Amino acid sequence: MNTSNKIILEAKNISKYFGTITALENVNLKVREGECLGVVGDNGAGKSTLMKILSGLYKPSKGEMYFYGKREVLESPRDSQNLGLEMVYQDLALAGNLPIGENIFLGREPTKSFGFLKLLDYKKIKELSEAHLDKLKIHVKSSDQKVEELSGGQRQAIAIARATAFNSKLVIMDEPTAALAIKEVSKVLDLINGLKKIGVSVIIISHRMDDIFAVCDRITALFQGTNFAESELSKTSKDEVIGWIMGKK
Amino acid sequence: MENKEVKKESLFLKSIPYFEKYGILIVLIIMIVGLHFMQPEVFLSWRNITNIFKQVSWQSMLALGVFVVIVTAGIDLSVGSIMMLSLMVLAITAKSGADWYIVVFIPLLVGMLCGMFNGLGIVLLRMPHPFIMTLGTLYIFRGTGNLISGGSPISGFTDEVRFIGNGRIDLTWLGLDETQYLPVSVILIASVFFCMWLFLNHTRTGKWIYAIGGNPNAARAAGINVNKILVIVYSLCGLLSGFGALILAGRADSGYPNAGLNAELDAIAACIIGGASFFGGRGTVLGVFAGVMIMGILRNGLNLMDVSAFWQQVLIGAIIVIAVYIDVLRKDLGTRK
């Protein structure tokens, strides 16, 4: 594993209250460069809330976040994207009617100027997206193919490619294999291992122990909105982690 | 293995994407050839062709406006009423003795403001569907048009105002005779369609309009301000309806209460025949042009053959259903791999 000791994201004492409901209470989380952190927990344990706070979608009620040791306050997902943090959504935020390349660059399309007109640079979109797909070893017929023509696994790969196309340092994935056919799961897991090799850190939320144990370096478990247990992957077992999810140590 | 499968793909399957893009043009060409054989002396005459273009001129503006809205998976039922209100304001402004450039500019402004009203209403009132907002404004705008005009026609505009809808470009310098002129509205249609094609296919905003139609959540996640784009889209639709009013003012030389009545349905029909999908994100400017022309040529051809207007209604209805059924069949073929 290519894990260094440089901590790229640290969340300290994060709490989040929705009215009288406590979703998170004093949660801590660290991610190192090139590391894959698995976040496990039962439904309602606070995983998704925590990820939404990290990506800037929610503001924490209490607590601080540090990127590369510097304290940052996120006002919107745009802020976290500017810091190099991207989220791959469970419902695959892709537009099926657009080609692969245009999905990868959606919202950040390169343009060419013709006088006062700024027109899309389709050639650049194609070149850059195909180079990026090659780098991640994602194989598609052509970047001109529409996303709706792809299988679920290919779409997940494109969603990950989209999240990593702009020098992102950390990618958060919410159940990246939940909607996939079994034979496609391994391809997505290979892709995640590939990201680690090029120095991109990954946080994975998953219910599938097989996935967690195939890609993660470290596992942290949330239980009822608090840190419950944490371990290096090599020092724990599937049975132990399943126990953590159910609140047993 | 994979190579063999690719080779097995028949020519028919390979031609599907081209058919998807240009199929409707083939239908248009078949219609033109067919009508030419049925009416060899009249149909392809200069006079008849310019007539067709003049007849579809203002409808094509409405269809193009509705098309941009349909791409976002929305609908605008108020385009006919926007056109009528813009036309009435134009007529009143003209009668008040305003300079011609103000009279020409005013319907565009009114149209755009009406469209913006639709867009802001949909976004700010969080309407469950644009259908409801624009159904409301279908009545509101037409009612307003009748209120300001007293429900009676206002006629007689200056030549400058009528130039867009009624102007002729002399082609005698090309050796053609005087009846073979080029209507100004043809040039306008061509320029507006070209600009819309450039806008939708080659600008970021245009791409985002398609993205919103494909998956609004994806657009939002990509940092696109979906509400802002929707307001732009409805404003643009209104602006094009205002263009329609300007053309109609030139053709009819009158602002009249029934202008654009049921025109929204013709506009929607042209988009659907041209391959736009109500689910959004699909369709092309070229397709809309073909849809408009198919409806115009069908009406013209049936008129030439003395077919009653009632049969025309039946046939246009049938074409809508058939065009969409062909689309359904095409999708079946596309997904059966």
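Begin by selecting the two domains of chain A in this predicted model, where 13 residues of domain 1 of chain A are in contact with 12 residues of domain 2 of chain A. To colour them separately, take residues 1-84 together with 168-249 as domain 1 of chain A, and residues 96-166 as domain 2 of chain A; the C-alpha centres of these two domains of chain A are 27 Å apart. On the domain 1 side of this contact in chain A, helix α6 (residues 182-197) of chain A gives the most, with 6 residues. By class, that side of domain 1 of chain A, where it touches domain 2 of chain A, has 9 nonpolar, 2 polar and 2 charged residues.

Next, select the sheet of chain A, an open one in which 6 strands follow the order β6-β9-β10-β3-β11-β12 (chain A) with mixed pairing. At its edges you will find β6 (85-88) and β12 (226-232) of chain A, each of which pairs on one side only. On average, and with direction ignored, neighbouring strands of this sheet are turned by 20° against each other.

Now focus on strand β11 (residues 218-223) of chain A, which runs antiparallel to β12(A) and is joined to β12(A) by 6 bridges. Within this pairing, Phe223(A) has Thr226(A) in β12(A) as its bridge partner.

Add the helices that accompany the sheet. Helix α8 (residues 238-245) of chain A packs on the sheet, where it touches β3 (36-40), β11 and β12 of chain A, and the direction of this helix makes about 25° with that of β11(A). Helix α5 (residues 152-164) of chain A, in turn, lies across β6 and β9 (170-174) of chain A and runs at about 165° to β6(A).

Bring chain B into view alongside chain A: 17 residues of chain A are in contact with 18 residues of chain B. On the side of chain A that touches chain B, the largest share, 3 residues, comes from strand β8 (residues 117-120) of chain A, and by class this side of chain A has 8 nonpolar, 4 polar and 5 charged residues.

Finish within chain B by selecting helix α4 (residues 79-95) of chain B and helix α12 (residues 263-273) of chain B, whose axes come within 6 Å and cross at roughly 130°, which makes α4(B) oblique to α12(B). Show the side chains of Val79(B), Gly80(B) and Met83(B) of α4(B), and of Ala263(B), Glu264(B) and Ala267(B) of α12(B), since these residues make the contact. By class, the contact of α4(B) with α12(B) has 4 nonpolar, 1 polar and 1 charged residues.

Key:
Residues are numbered from 1 along each chain as its sequence is written. Chains are lettered from A and ligands numbered from 1 in the order in which they are written. This is a predicted model: local features need pLDDT of at least 70, side-chain atom pairs count only at pLDDT 80 or more; totals for chains, interfaces and linings use all residues. Axes are lines fitted to C-alpha atoms, for helices over the stretch in contact, and angles run from 0 to 180 degrees between N-to-C directions. Helices (H or I, at least four residues) and strands (E, at least two) are DSSP runs, numbered from the N terminus. Angles under 35 degrees count as roughly parallel, over 145 as roughly antiparallel, 65 to 115 as roughly perpendicular and the rest as oblique. Two residues are in contact if their C-beta atoms, placed from the backbone, lie within 7 Å. Ala, Val, Leu, Ile, Met, Phe, Trp, Tyr, Cys and Pro count as nonpolar, Asp, Glu, Lys and Arg as charged, and the others, Gly among them, as polar. Domain bounds come from an automatic or database domain assignment. Two strands pair if DSSP finds at least two bridges between them.
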